[in-house]
Structure formats: structure tokens, C-alpha cells
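Hi there,

Here is the structure I promised to pass on to you. Have a look at it first, and then read on for my notes.

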Amino acid sequence: MGKEKGGVKVLIAILVVLIIVAGVVLAYKITQDKNNTETISGEENKETVVEEEKTVQIFSGNDRPFAVMIDNHSDAWPQSGLNQAYMVYEIIVEGGETRLMALFKGADLEKIGPVRSARHYFIDYAMENDAIYVHFGQSPQAQSDIKKYSIDDINGIAEDGTTFWRVKDKAAPHNAVTSTEKLLESAKSKNYRTTSTEESVLNYVVDEVNLEEGQAADTITIPHSDLQTVRYEYDEENKVYVRYARGEEQTDWDTDEPVTTKNIIITFCNNYTLSDSENKGRQGLKNIGTFDGYYITNGRAIQIQCIKNARDEKTIYQDMNGNEIQVNDGNTFVNICPTNADVEIEGTEEVTEATNTVTE
């Protein structure tokens, strides 16, 4: 009888131990499941935050830009690559023509051009963008400044015949083209730095910029000279401006799509004719100082000041209260025109004829 009671006690003890162990295991499993659930939830929240985080797209990555001189003679139209450039500068050259300098960062383009020769004042804007300067030939002034400022440049005339090539559907000198792949190969062969940590010249923001304090700007007309007048027409549906030159809509060489821009900057500063032995009417540009201008985006325009303190320093674009302007995340055309240019900004509200002052 005593042995039976002893066996029962042992059995009860074993059951108690098993219950305790099962309880511990169950508690551990519940704790682990809770931790796993919290971890998964945390990861999902983290992923949600990452998905919601916005970054500027037009100027991203550490690729060093290429600044490519684009022919803007009417015989060179249409051009290739302008819609893929993050910035395009338009400035007058000899004969009342303008030339374009298109900046590409991290782009992959099979054809850019037609590429044309360098002018020395475009170098200023290549430097402020920390860009490799690409051209096909050069003026004596540009040649001198490329050496003076130790510019990393790629000159089509001096290349081996593979970086640039001539196409048959345009006549020389309006038919030299290149690609981003060939430019990168050339830059590496010259031991140029191909990455950059420089910040953008423009203060891009991810949230949409709407110039509520500005004036309506549906049509912008910019006469660079008697020969070259540029017009931008606002496409309200796509929130971009369609570009026209000399009354003709500008299109892409390969796609036939219209050339468009999200942002327009106008800078008023004077050009002048150089006195040199070649007597070709080449121009200089008085671009150091503080100049009036406009920033235009999303169908509206505000007056700004454009400040450039040195040739190799970034231009600062400020509103009339002295604050750096915020720029929409998209491509930008910078039109640099004479102070006496009769620029017109037309909208449903009013028509404004620009008046300009210059501080140098």
C-alpha cells in the first residue's frame, strides 16, 4: 500500500514537472511569436517609410556631368538629346545665332548632337556644374581658357575618330554626333574624374513648386537677337513648356517628340563683339555680377536676381526678397539674353514686357 502511494506521488511529480515545462515552452513560443510579429511589423513600417521617402530625380547619383555644345543653326535642326539634359544653356554667338550647351548626368544616349565648337563663356557654366566640357573645335578664346582653367575637355577635332562620327542626313559642319558611352570611354582614357560629389547649381525640391505670388506665364517670347527668337508655350495638361525657335516647333531628331522643359530661367546680361585678328564677330559675355531675370514654371513666373561672383563659381538664383528660389524637379532651359531684349510673358491675367537692370 505504501509502495502504491509512493508511485502515485512520483507520477504526480512527473506530471507537475511536465506541466511546468510545457508552460515554459508555451510562454517562450508566445514571446518569440510576439517578437517576430513586432520585427515583421517594424520591417513593414520601415519599408513603407522608404517607399514614401521622396528624392530629387533630375539631379541624382554621383556621375560627373558632360556639358555638350549643341549646334543651333537652323541647318542643324532637329537636335538629339535635349529632352534628356537636366539643364540647357542658350547664349548668343556670332552672327546673331545662339548655341546651346546641354548637361547630362547619368544619362544613356546613343546619339547627342549635332556637336559644335566651343565658346569661352560657356566654359563658365561647365565649371559651375563640375562638368567635362565636350565640343567639336573651338574659338581661340576658348582654347586659351580651357588651358588657363585646366578644363577637362573632349574636343572632337582632336579625337581618334571613334568618339564622334558624322551622319549622312545632315551636311557638315552640322552633322557631328557622339554618345554618352563614347564620351565616357574618352574621359576614362584621358584619366578624367568621372564621378562628382558637387551639389546642383539649382535648388531642386521634391514637392511641387507653384509660384502663387507670380504672374501668369502661358507664352514666353525671348528675342536673343534679330535672327533668333525663342518662344515657350505652356502645356497645362503635362505641366511643361513646349519650345519653339524662329516660329518653328523644336523636335527631337530621332523620336520627333517636341522639345519640352519643366523650368525656364531668363537672365539678362549683355554680350559684346570681340576685337581679334580673325574678325569673325565672335562675342563676349558680361556675366559676372548681379542680373535681373525670371523663373518660370507651371504656368507662372516670378522676378529673380541671378548672381555670379566669379567665372568658376555657381550662379545663385534668388527671389526679390533675397531667398534662393526653389526649383521644380525637372529639366531647365536657361536663356541668357541681352538686357534690351523685349521679352514678353503672356498669360490670361496680363502681358508683361520685361524691364531690366544690371549690377556688375
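**What I found**

This is a predicted model; mean pLDDT for the chain is 89, with 82% of the residues at 70 or more. One stretch to treat separately is residues 46-51, where pLDDT stays under 50. For that stretch the model has zero contacts beyond four places in sequence.

On to the overall make-up. The chain has 360 residues, and buried ones make up 50% of them. You will find four helices and 25 strands in it. Of the contacts with a separation of 6 or more, 64% are between residues 24 or more positions apart. The accessible surface adds up to about 18200 Å², and carbon and sulfur atoms account for 47% of that.

Now the interior. The largest nonpolar core contains 42 residues, and Met-101, Tyr-133, Tyr-295 and Tyr-317 are the ones with the most contacts inside it. Helix H2, which spans residues 122-128, supplies the largest share of this core with five residues. If you centre your view on Met-101, and set aside neighbours within four places in sequence, you will see contacts to residues including Phe-122, Tyr-125 and Ala-126. Met-101 also touches Tyr-133, and among its other partners are Ala-67, Val-68 and Met-69, as well as Met-87, Val-88 and Tyr-89. There is a second, separate core too, with 40 residues, among them Ile-112, Ile-154, Tyr-192 and Ala-217.

You may wonder about the cysteines: how many disulfides does a search of the whole structure find? The count is zero. Cys-269 is in no disulfide, and the nearest cysteine sulfur, on Cys-337, lies 8.1 Å away. A disulfide needs the two sulfur atoms within 2.5 Å, so a pair at that distance does not qualify. Cys-337 likewise is in no disulfide, its nearest cysteine sulfur being that of Cys-269. As for exposure, Cys-269 is buried at 2% relative accessibility, and Cys-337 is buried with a relative accessible area of 1%.

One last spot to look at is Glu-248, which sits in strand E13 (residues 248-249). Is Glu-248 buried or partly exposed? Glu-248 counts as partly exposed because its relative accessibility is 43%, which falls between the 20% and 50% cut-offs. Leaving out residues up to four places away in sequence, Glu-248 touches Trp-77 and Arg-243. Val-230 is 18 residues from Glu-248 in sequence, and their C-alpha atoms are 9.2 Å apart.

Happy to talk it through whenever suits you.

Best wishes

Terms used. Residues are numbered from 1 along each chain as its sequence is written. This is a predicted model: local features need pLDDT of at least 70, side-chain atom pairs count only at pLDDT 80 or more; totals for chains, interfaces and linings use all residues. Side-chain values use heavy atoms; hydrogens and water are left out. Buried means under 20% relative accessible area, exposed over 50%, partly exposed in between (1.4 Å probe, protein chains only). A nonpolar core is a set of buried Ala, Val, Leu, Ile, Met, Phe, Trp, Tyr and Cys residues joined through side-chain atoms within 4.5 Å. Helices (H or I, at least four residues) and strands (E, at least two) are DSSP runs, numbered from the N terminus. Contact means heavy atoms within 4.5 Å. pLDDT is the predictor's confidence in each residue, from 0 to 100. Accessible areas come from the Shrake-Rupley method with a 1.4 Å probe; for residues, only the protein chains shown count as cover.
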